[in-house]
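Colleague: Please take one part of this predicted model and go through it closely. Start with individual residue pairs, then work outwards to whatever surrounds them.

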Amino acid sequence: PHPTFGKEFAKRDTAALTQTGVAQPAIGCVSLGAMNVLSRFDIAPEAAAGHSYGELTALHAGGVLTADGLVQASKLRGELMGAGEGDRGTMLAVRGDIAATQAVINEEELDVVIANKNSPEQAVLSGTTEAIQQAKGVFDARKISSTPLTVAAAFHSKLVADAAKPFAAGLADVEFSKATIPIFSNTTGEQYPKDIK
């Protein structure tokens, strides 16, 4: 958010931007801006890949989605992932060996999942707000560094899984073109076919 004159306004603006229906199109627009700046210096990607939402920007970088298509898909994805009643959950970054993090989850019977494996020494957990707070307490007690993330939902978990089918259906209204460079899948790591449908 823009700089403000007080913590109350900064907190309000951060909460508004964090809402999935706002955050995902905003990330797309920032990504478009960054790609446009790079292109002015004749810097173009030779391949593209993106994690989670970033797969949409990778599809744009690879020529599959137009700028309008990226915004349209971003808006749809953000609205669907932010929809629903009740607690949408949150996330917690945990520093340390991922296998050891999973062992703590198992030992303590925490109702969370490892949603992201950011590096061999960092995992991100997803779960209900209550479950993540419990996990934070467990990791703190074990002197394992963890940081709550400012997110609107427990991404990559069952709490947002209900968005997948309507998102796939909504993509029927988005125009896709042939890939101009190799684009690698977020889930399999394999290269998309040039003609994505």
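Modeller: Ile114 stands opposite Leu125 in E4. Val113 stands opposite Ser126, also in E4. Both pairs belong to the pairing of E3 with E4, strand E4 being residues 122–127. That pairing is antiparallel and runs over five bridges. The two strands form a hairpin, with two residues between them.

Now the neighbour of E4. E2 and E4 pair in the antiparallel sense over six bridges. One of the residues to follow here is Thr90, which is found in strand E2. Its bridge partner in E4 is Gly127. E2 also pairs with E5, again in the antiparallel sense, over three bridges. There, Leu92 of E2 has Pro148 of E5 as its bridge partner.

What order do the strands take in the sheet? The order is E3-E4-E2-E5, in an open sheet of four strands with antiparallel pairing. Strand E3 (113–119) and strand E5 (146–148) are at the edges. Each has a single partner strand, so one side of each lacks a neighbour in the sheet. Between neighbouring strands of this sheet, the average turn is 25 degrees, direction ignored.

Next come the helices on the sheet. Helix H5 (residues 98–108) packs on it and touches strand E2 (90–95), E3 and E4. The direction of H5 makes about 165 degrees with that of E3. Helix H6 (residues 129–141) lies across E2, E4 and E5. H6 runs at about 20 degrees to E2.

How enclosed is E2? Five of its six residues are buried, so the strand is largely enclosed by the rest of the structure. Thr90 is buried, with a relative accessible area of 15%. The cut-off for buried is under 20%, so that value qualifies. Leaving out residues up to four places away in sequence, Thr90 touches Leu125, Ser126, Gly127, Thr128, Thr129, Ile132, Leu149, Val151, Ala153 and Ala154. Several names recur. Gly127 is the bridge partner of Thr90. Leu125 is the residue opposite Ile114. Ser126 is the residue opposite Val113.

Now the helix packing elsewhere in the protein. Helix H2 (residues 20–40) packs with helix H4 (residues 67–82) at an angle of about 155 degrees, and their axes are 7 Å apart. H2 and H4 are therefore roughly antiparallel to each other. The crossing of H2 past H4 is right-handed. On the H2 side, the contact is made by Thr20, Gly21, Gln24, Pro25, Gly28, Cys29 and Leu32. On the H4 side, it is made by Ala67, Leu70, Val71, Ser74, Lys75, Arg77, Gly78, Glu79, Met81 and Gly82. By class, this contact of H2 with H4 has seven nonpolar, seven polar and three charged residues.

H2 also meets helix H3 (residues 54–61). The axes of H2 and H3 come within 10 Å and cross at roughly 35 degrees. That crossing is right-handed. From H2, Gly28, Ser31, Leu32 and Met35 take part, and they meet Thr57, His60 and Ala61 in H3. By class, the contact of H2 with H3 has three nonpolar, four polar and no charged residues. Two residues of H2, Gly28 and Leu32, appear in the contacts with both H4 and H3.

Last, the whole protein. Its secondary structure comes to seven helices and six strands. Along the sequence, the pattern is α-α-β-α-α-β-α-β-β-α-β-α-β. The C-alpha atoms fill a box of roughly 50 × 45 × 35 Å, taken along the principal axes. Of the 197 residues, 36% count as buried. Among contacts with a separation of 6 or more, 69% come from residues 24 or more positions apart.

Technical notes:
Residues are numbered from 1 along each chain as its sequence is written. This is a predicted model: local features need pLDDT of at least 70, side-chain atom pairs count only at pLDDT 80 or more; totals for chains, interfaces and linings use all residues. Side-chain values use heavy atoms; hydrogens and water are left out. Two strands pair if DSSP finds at least two bridges between them. Axes are lines fitted to C-alpha atoms, for helices over the stretch in contact, and angles run from 0 to 180 degrees between N-to-C directions. Contact means heavy atoms within 4.5 Å. Buried means under 20% relative accessible area, exposed over 50%, partly exposed in between (1.4 Å probe, protein chains only). Angles under 35 degrees count as roughly parallel, over 145 as roughly antiparallel, 65 to 115 as roughly perpendicular and the rest as oblique. A crossing is left-handed if the near helix is turned anticlockwise from the far one by less than a right angle, and right-handed if clockwise. Ala, Val, Leu, Ile, Met, Phe, Trp, Tyr, Cys and Pro count as nonpolar, Asp, Glu, Lys and Arg as charged, and the others, Gly among them, as polar.
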